[in-house]
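Open the model in your viewer and keep the sequence panel beside it. The tour goes stop by stop: select, look, move on.

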Amino acid sequence: TVAYTVTFAEETDLINVQTTANAVVASGEALQGNYSVTYHNNTLTITKAAASELNLSATSYNDAYDAHEHSITASATVEGTTLYYSTVDPDSSDFDESNWSTTAPTWTNVTAAQTVYVKAENSNYNTAKASATVTITPKAVNVTAKPVTKVYDGEPATIPEDNASVTGLLEGDTVAYTVTFAEETDLINVQ
């Protein structure tokens, strides 16, 4: 029987992805009974975990205009993971690595679906990828013409300056509108 021990070399990182030569150390007595023992060290290899282990999620945004910036919501559950965003498809010929940013792109105004690509990188995991969209639809605004009432005086009715009520408009925003009488409306006689 040959007695030996196998240990890791001192100060070997036993957690993170790596390939470290001579990190697995075999040792023992050189002479053991009828044997002259030679010990050979070997390599420690820790490979990246599957991308799915990052639990990357990307959620779309789809709502009416509200004057605020909006983007997708993305997250990964593994600490130390960095999320990168791009509006250029990483599988397209137009893509360049400089298209990635750690800041999610945002939209404020009405926009058709804008795809945001996301990747999650962590040195101990394969890269995870996902995508989601941002869609901002027009906000509903109602312009209601106010009624016009007057006492008959032989003159045509006119539309007053304060001629409509507007609902649904956000503070500071305006909407252009015109209030007129319908064609062929009798603007003089009682009706």
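Select Asn 55. Asn 55 sits in the loop that joins strand 5 (42-46) to strand 6 (57-59). Bear in mind that this is a predicted model. Check the backbone here: Asn 55 has a positive phi of about 55°, yet it is not a glycine. Its relative accessible area is 44%, so Asn 55 is partly exposed.

**Another positive phi**

Go to Ala 67. Ala 67 belongs to the loop between strand 7 and strand 8. Ala 67 is not a glycine, but its phi is positive, about 70°. With a relative accessible area of 41%, Ala 67 is partly exposed.

**Glu 69**

Stay in this loop and pick Glu 69. The loop runs between strand 7 (61-64) and strand 8 (73-75), and Glu 69 lies in it. Is Glu 69 buried or exposed? Its relative accessible area is 57%, and the cut-off for exposed is over 50%, so Glu 69 is exposed.

Now show the contacts of Glu 69. Leaving out residues up to four places away in sequence, Glu 69 touches Thr 106, Trp 107 and Thr 108.

Add Gly 33 to the selection and draw a C-alpha distance. Glu 69 and Gly 33 are 36 residues apart along the chain, and their C-alpha atoms are separated by 78 Å.

**The whole chain**

Zoom out. What does a separation like that belong to? The C-alpha atoms of the protein chain fill a box of roughly 130 × 30 × 20 Å along the principal axes.

Switch to cartoon. The protein chain has 0 helices and 13 strands. Read along the sequence, the pattern is β-β-β-β-β-β-β-β-β-β-β-β-β. The radius of gyration is 36 Å, whereas the globule rule gives 16 Å for 191 residues; the protein chain is therefore more spread out than a compact globule.

Turn on the surface. The accessible surface of the protein chain comes to about 13300 Å². Carbon and sulfur atoms account for 47% of that surface. Of the 191 residues, 23% count as buried.

Colour by charge. The protein chain carries 6 positive and 24 negative charges. The mean positions of the two sets are 5 Å apart.

Contacts come next. Take those in the protein chain with a separation of 6 or more: 53% of them join residues 24 or more positions apart.

**The core**

Hide the surface and select Ile 72, Tyr 85 and Val 134. These are the residues with the most contacts inside the largest nonpolar core, which has 18 residues. Strand 9 (82-86), strand 10 (111-122) and strand 11 (125-137) are the elements that give two or more residues to this core. Which strand gives the largest share? Strand 11 does, with 5 residues.

Centre on Val 134. Skip residues up to four places away in sequence and list what Val 134 touches. Among its contacts are Ile 72, Trp 107 and Val 116. The list also includes Tyr 61, His 70 and Ser 71. Thr 111, Ala 112, Ala 113 and Gln 114 are in it too. Trp 107 was also one of the contacts of Glu 69.

**Next along the strand**

Move to Thr 135. Strand 11 holds Thr 135. The cut-off for buried is under 20%; Thr 135 has a relative accessible area of 15%, so it is buried. Which residues does Thr 135 touch, not counting residues up to four places away in sequence? They are Tyr 61, Asn 62, Asp 63, Thr 111, Ala 112 and Ala 113.

**Asn 41 and Asn 22**

Jump to Asn 41. Asn 41 is placed in the loop between strand 4 (35-36) and strand 5. At 35% relative accessibility, Asn 41 counts as partly exposed. Leaving aside neighbours within four places in sequence, its contacts are Asn 22, Val 24, Val 25 and Ala 26. Draw a C-alpha distance to Gly 168. Asn 41 and Gly 168 are 75 Å apart in space and 127 residues apart in sequence.

Follow the contact to Asn 22, in strand 2 (residues 18-27). Asn 22 is partly exposed, with a relative accessible area of 48%. Beyond residues up to four places away in sequence, Asn 22 touches Ala 9, Asn 41, Asn 42 and Thr 43.

Draw one last distance, to Asn 124. The C-alpha atoms of Asn 22 and Asn 124 are separated by 21 Å, with their positions 102 residues apart along the chain.

How values were computed:
Residues numbered from 1 in each chain as written. Predicted model: local features only at pLDDT ≥ 70, side-chain atom pairs only at ≥ 80, totals over all residues. Heavy atoms only, no water. Helix = DSSP H or I, 4+ residues; strand = E, 2+ residues; numbered from the N terminus. Buried < 20%, exposed > 50% of the residue type's maximum accessible area, 1.4 Å probe, protein only. Contact = heavy atoms within 4.5 Å. Core = buried A, V, L, I, M, F, W, Y, C linked by side-chain atoms within 4.5 Å. Rg over C-alpha atoms; globule rule 2.2 N^0.38 Å. Areas by Shrake-Rupley, 256 points an atom, 1.4 Å probe, with all protein chains shown as cover. Lys, Arg positive; Asp, Glu negative; His and termini not counted. Charge placed at Lys NZ, Arg CZ, Asp CG, Glu CD.
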